[in-house]
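Q: I'm new to this one. Can you walk me through it?
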Amino acid sequence: MSYDSNPLQAALRKCRRHFVATGIFSGLINILYLVPSIFMLQVYDRVVPTRGVSTLLVLSLILAISLVVFAALDTVRMRLLLRASVRLEKMAAANILHRVLGTNGATPAQRSQAMRDFDTLRGTLTGPAIIAMFDAPWAPIYIIISYMLHPLIGLLALLSSLLLIGLAVASDRATKNSLNEVGQRTSSAYRVQDYSIQASEVARALGMRGALVTRHLVERADLVRRQGTIAGTSGFFLAVTKFFRLFLQSMALALGAYLAIEQQISGGAIFAASLILGRALQPVEQILNALKNVISAQNAYKGLNNFCRLPDVTVMRTSLPAPQGRIEVDGLTIRAPGSDRILLNKLSFTVEPGTIVALVGPSGAGKSTLLRALAGAIDPDEGEVRVDGASLTDWNREELGRHLGYMPQTPTLFPASVHSNISRFRQFEGMGGEELDTAVIAAAKLAGAHDLILRFEHGYETQLAVREGGGLSAGQRQVVALARSLFGAPSILFLDEPNAHLDINAETRLMDTLQHLRERGATVIVSTHRTGLLQAVDKVMLLRDGAIQIYDDRNKVIRPAAPAVQGSPMPHDASNAAPPTAGQAAGGSPPAPLPGDGGNRATGGEA
């Protein structure tokens with residue numbers, strides 16, 4: 001895979017000049033770190049023996065200027081890293097978010113973790129760990145300078161650095177696997193806890209609150225225990241490292257004093273040796289202090305880099321003409337995620353433009369899976385779906401989406417205003433004002449949702465909550481989702497059980513909506529288990545066990561109803577009895593049962 005299609009690698013390459021500049025500034029900063037040691041050396045070797053006050057003043061002025069430059073360089077270095085972080089955000093965040101929302105090749109856990117990994121990696125660029133990494137390569141320079149003071153001091157600096165590096169490696173090996181495991185368990189625990197919050201109403205109603213609290217406490221207790229073990233291990237290594245750094249720095253002072261007594265070095269070199277050794281060991285200690293952040297950044301990079309190797313959904317496709325609505329399905333096969341169980345088995349059929357097709361069949365027949373595949377929400381394992389002769393993979397999905405309406409079995413509304421949900425957040429793409437409002441209201445009226453929305457507390461500006469259903473009832477959620485699918489007058493619509501939660505009046509309005517779509521020439525595929533909608537369709541497709549049993553014109557598929565069953569819903573198990581349909585309520589005759597569908601046809605949604 002080329003780096004050009006990996007947004008993380010491409011962004012890091014663009015940030016390379018920031019890192020190179022940071023490395024240069026780090027070199028200058030580490031050179032200026034020597035100034036206090038040189039100042040002390042000169043004071044003890046030149047000023048004190050000669051009592052040269054003027055020399056002291058000059059040295060103090062040089063020290064002050066050097067430290068001002070040091071502070072300025074350090075500030076510039078931090079700003080360079082901050083700009084690298086901002087550049088990384090600008091260059092990679094959009095592409096990663098597109099992959100999170102658009103790719104079908106990743107699990108939900110991978111998609112939810114991708115942006116967290118990105119933020120972890122980006123945050124590391126402005127933390128102490130990255131500074132320690134830029135300072136670490138200069139440790140050998142300090143060792144060489146220590147050797148220039150005296151070979152024994154240089155040898156002590158070398159052995160001290162190797163000892164602290166060994167402690168850092170040992171700490172990494174002792175905690176790395178545990179940190180990875182705890183990180184994964186923590187993410188999983190938060191996801192489960194978030195789901196429990198969403199389902200809290202069910203938990204309260206069924207008396208499950210105590211059990212769920214106990215479950216989460218057990219998970220948290222295990223995490224706390226593991227975190228405590230890691231903290232104890234890393235704390236031990238950190239304490240040992242601090243002991244050796246302070247001890248060895250003092251030993252450098254003692255060694256310098258011994259060498260001064262033997263008149264092998266000057267008195268000022270005693271303190272210079274201690275300071276230089278301490279500076280040589282400081283980056284190692286800093287890395288050890290930030291080891292948890294370093295490991296987190298490593299894991300984040302690995303996970304995010306693997307995620308960014310998935311197909312790029314932002315690759316520009318050739319803009320095709322607006323679709324007329326012809327849908328061709330050839331050998332469509334879909335398996336359950338992570339298994340070989342077949343959900344759809346080599347389906348092949350064609351829907352001509354302007355045709356309304358009803359999908360019927362028992363629960364688990366594959367109706368929802370088929371609609372998701374037709375809408376491009378999931379990718380097939382085999383076969384393909386074509387719209388106006390072009391495969392879905394050849395379409396610019398954003399452009400096609402403007403001509404497509406999709407309403408899933410469980411309507412998903414976003415935590416925003418009703419207006420934004422219906423408009424598909426088009427205001428963030430430059431559309432706004434009266435034009436957008438007109439399109440939103442037109443879609444709501446066609447869905448029969450306008451009067452309902454006006455009764456909300458703030459009408460179209462009503463904010464939906466961050467929880468299941470957004471704070472709306474099932475029926476309200478369904479008509480708002482239907483209005484969203486109708487926004488922009490799409491030429492193709494896929495509606496999954498659009499009448500599942502509608503009353504008789506709302507279902508009558510839905511029949512009128514389908515009639516309007518027929519007059520407009522839209523292609524509609526709608527799944528249903530209630531007979532009323534069958535009066536508004538042109539063709540019927542019966543699915544069973546992921547295969548097409550029947551696909552033909554409605555008049556050929558539906559048998560004439562016997563007089564004895566006029567006014568009754570389709571025959572089915574009493575446990576799945578459907579309410580009277582809109583057609584029956586209006587005094588019309590319901591369609592008769594489909595051949596070969598038996599008693600399963602009127603069942604509800606599918607898994």
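What follows is a short chat about this predicted model.

Q: Start broad. How many helices and strands are there in the protein chain?
A: The protein chain has 21 helices and 10 strands.

Q: And what share of the residues is buried?
A: Of the 607 residues in the protein chain, 44% are buried.

Q: What about contacts over long stretches of sequence? What share comes from residues 24 or more positions apart?
A: Such residues account for 76% of the contacts in the protein chain with a separation of 6 or more.

Q: Okay, aromatics. How many aromatic pairs are there?
A: The count comes to eight aromatic pairs. One of them is Tyr 33 with Phe 70.

Q: Why is the pair of Tyr 33 and Phe 70 called edge-to-face or stacked, whichever applies?
A: The ring centres of Tyr 33 and Phe 70 are 4.9 Å apart and the planes sit at 70°, so the pair is edge-to-face. The cut-off for that class is over 60 degrees.

Q: Where do the two rings sit in the chain?
A: Tyr 33 is in the loop between α2 (16-32) and α3 (35-50). Phe 70 is in helix α4, residues 53-102. The two are 37 residues apart, so this pair links distant parts of the chain.

Q: Tyr 33 and Phe 70: buried or exposed?
A: Tyr 33 is partly exposed, at 29% relative accessible area. Phe 70 is buried, at 16%.

Q: What else is at the ring of Tyr 33?
A: Arg 279. Its charged end sits over the Tyr 33 ring, 3.5 Å from the centre.

Q: What about Phe 236 and Phe 237? How are their rings arranged?
A: Their centres are 5.6 Å apart and their planes are at 75°, so this pair is edge-to-face. Phe 236 is exposed, with 54% relative accessibility. Phe 237 is buried, with a relative accessible area of 13%.

Q: Which residues form an aromatic cluster?
A: Phe 243, Phe 244 and Phe 247 form one.

Q: Switching to helices. How do people describe two packed ones?
A: By the angle between their axes and the distance between the axes.

Q: So what are those values for α3 and α4?
A: The axes of α3 and α4 come within 10 Å and cross at roughly 180°. The two helices are therefore roughly antiparallel to each other.

Q: Which residues make that contact?
A: On α3, they are Val 35, Pro 36, Phe 39, Gln 42, Val 43 and Val 47. On α4, they are Thr 55, Leu 56, Leu 59, Ser 60, Leu 63 and Ser 66.

Q: How do the residues of the contact of α3 with α4 divide?
A: Eight are nonpolar, four are polar and none is charged.

Q: New topic: Ser 26. Buried or exposed?
A: Ser 26 is buried, at 0% relative accessibility. Ser 26 lies in helix α2.

Q: What is Ser 26 in contact with, leaving aside neighbours within four places in sequence?
A: Ser 26 is in contact with Arg 77, Phe 134, Asp 135 and Trp 138.

Q: Last one, backbone angles. What is phi of Lys 346?
A: Phi of Lys 346 is near 50°. That is a positive value in a residue other than glycine. Lys 346 is in strand β2, residues 342-351, and is exposed at 55% relative accessible area.

Q: And what is phi of Phe 425?
A: Phe 425 has a positive phi of about 60°, although it is not a glycine. Phe 425 is in the loop between α15 (418-422) and α16 (433-447). Phe 425 is partly exposed, at 26% relative accessible area.

How values were computed:
Residues numbered from 1 in each chain as written. Predicted model: local features only at pLDDT ≥ 70, side-chain atom pairs only at ≥ 80, totals over all residues. Heavy atoms only, no water. Phe/Tyr/Trp six-rings, centres within 6.5 Å; stacked < 30°, edge-to-face > 60°. Helix = DSSP H or I, 4+ residues; strand = E, 2+ residues; numbered from the N terminus. Buried < 20%, exposed > 50% of the residue type's maximum accessible area, 1.4 Å probe, protein only. Lys NZ or Arg CZ within 6 Å of the ring centre and 35° of its normal. Axes fitted to C-alpha atoms, helices over the stretch in contact; angles between N-to-C directions. Parallel < 35°, antiparallel > 145°, perpendicular 65-115°, else oblique. Contact = heavy atoms within 4.5 Å. Nonpolar A, V, L, I, M, F, W, Y, C, P; charged D, E, K, R; others polar.
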